[in-house]
Amino acid sequence: MKDKKLSIIYKICSMIYIVFLIYAFYRNWMRKYFFMTIVSCFTPFIAPMIMRILKVQVPIEFNLINIVFVFMASLWGSCLGGYTLAYFDKIVHFLCGIIFTELFYMLYKYYLRDDKQKSLMFIFVNGLNMAAAVIWEFYEYFLFYFFQYDAIRNSTGVYDTITDMIVATIGGLLLSFYLIRYDQDKKNRFFVSLERKTYLMNKTNSEN
């Protein structure tokens, strides 16, 4: 029943994305952000495609998080002026920190399922999250250098880059404390439950 409700929510979010995408094309047709609008047609499929290539099955929660985040970061942010709003960029990077930390937590638990060393897990997920934050800043720089899309706000580039990495790190730290607290909890806490469902889906698939 819960998965059915999540599936309905996901379909609603997907429809909202399509409606705003059509509006973005109308607003940006042959203008500065037209290329980014084209990119927004493909960004919802990147994470699912990577999982498919890696032959990793994911629950509906994964797809729901993906469409909501892509809507904010790609469609609203890059195509509809979201990044011109105060602190919008920092919110996106904060969410990036949470999402990447969850992904690295899933990776850690897949290979070290029975490991109880919370300090090792903490270092692993946060180290990779901070590395991902650096790579993302490289991506934003390349957008500016090759396509003149000023995601780093060139006039305040150093300040923007550093604060982006800080808020991503904070997001990762907060989630990692949550994961450490509830990793062994028997209740279905959302981010812990997401990892457990993903693991069980792929464990069952590998055994068949």
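**Close-up 1. Glu-61 and its salt bridge to Lys-197.** Let's start with Glu-61, which is buried, at a relative accessible area of just 4%. This is a predicted model, and in it Glu-61 pairs up with Lys-197 in a salt bridge. The closest N and O atoms of the two are 2.8 Å apart. Along the chain, though, the partners are distant: Glu-61 belongs to helix 4 (residues 60-79) and Lys-197 to helix 8 (residues 190-207), with their positions 136 residues apart. Lys-197 is partly exposed, with a relative accessible area of 23%. That puts Lys-197 in the partly exposed class because buried means under 20%.

**Close-up 2. Lys-109 and Asp-183 in a salt bridge.** Here the closest N and O atoms are 3.2 Å apart. Where do Lys-109 and Asp-183 lie? Lys-109 is in helix 5, while Asp-183 is in the loop between helix 7 (157-182) and helix 8, so this pair ties together parts that are 74 residues apart in sequence. As for exposure, both Lys-109 and Asp-183 are buried.

**Close-up 3. Arg-189 meets Asp-185.** The two side chains come together in a salt bridge, with 3.7 Å from N to O. Arg-189 has 27% relative accessibility, so this residue counts as partly exposed.

**Close-up 4. A network of Asp-89, Lys-90 and Asp-164.** Which residues are joined into one network by salt bridges that share partners? They are Asp-89, Lys-90 and Asp-164. Stepping back for a moment, a search of the whole structure turns up six salt bridges.

**Close-up 5. A nonpolar patch on the surface.** Now for something without charge pairs: Leu-107, Tyr-110, Tyr-111, Leu-112, Leu-120 and Leu-128 make up a nonpolar surface patch. Together, these residues have about 560 Å² of accessible area. Which elements give two or more residues to the patch? Those are helix 5 (88-111) and helix 6 (118-147). Helix 5 supplies the largest share, three residues.

**Close-up 6. Leu-112, a patch member in a loop.** Take a look at Leu-112, one of the residues of the nonpolar patch. This leucine sits in the loop between helix 5 and helix 6. Is Leu-112 buried or exposed? Somewhere in between: Leu-112 is partly exposed, at a relative accessible area of 35%. Patch residues need over 30% relative accessible area, so Leu-112 clears that cut-off.

How values were computed. Residues numbered from 1 in each chain as written. Predicted model: local features only at pLDDT ≥ 70, side-chain atom pairs only at ≥ 80, totals over all residues. Heavy atoms only, no water. Patch = residues over 30% accessible without salt bridge, like charges linked within 9 Å, V, L, I, M, F, W, Y side chains within 5 Å. Areas by Shrake-Rupley, 256 points an atom, 1.4 Å probe, with all protein chains shown as cover. Salt bridge = Lys/Arg side-chain N within 4 Å of Asp/Glu carboxyl O. Helix = DSSP H or I, 4+ residues; strand = E, 2+ residues; numbered from the N terminus. Buried < 20%, exposed > 50% of the residue type's maximum accessible area, 1.4 Å probe, protein only.
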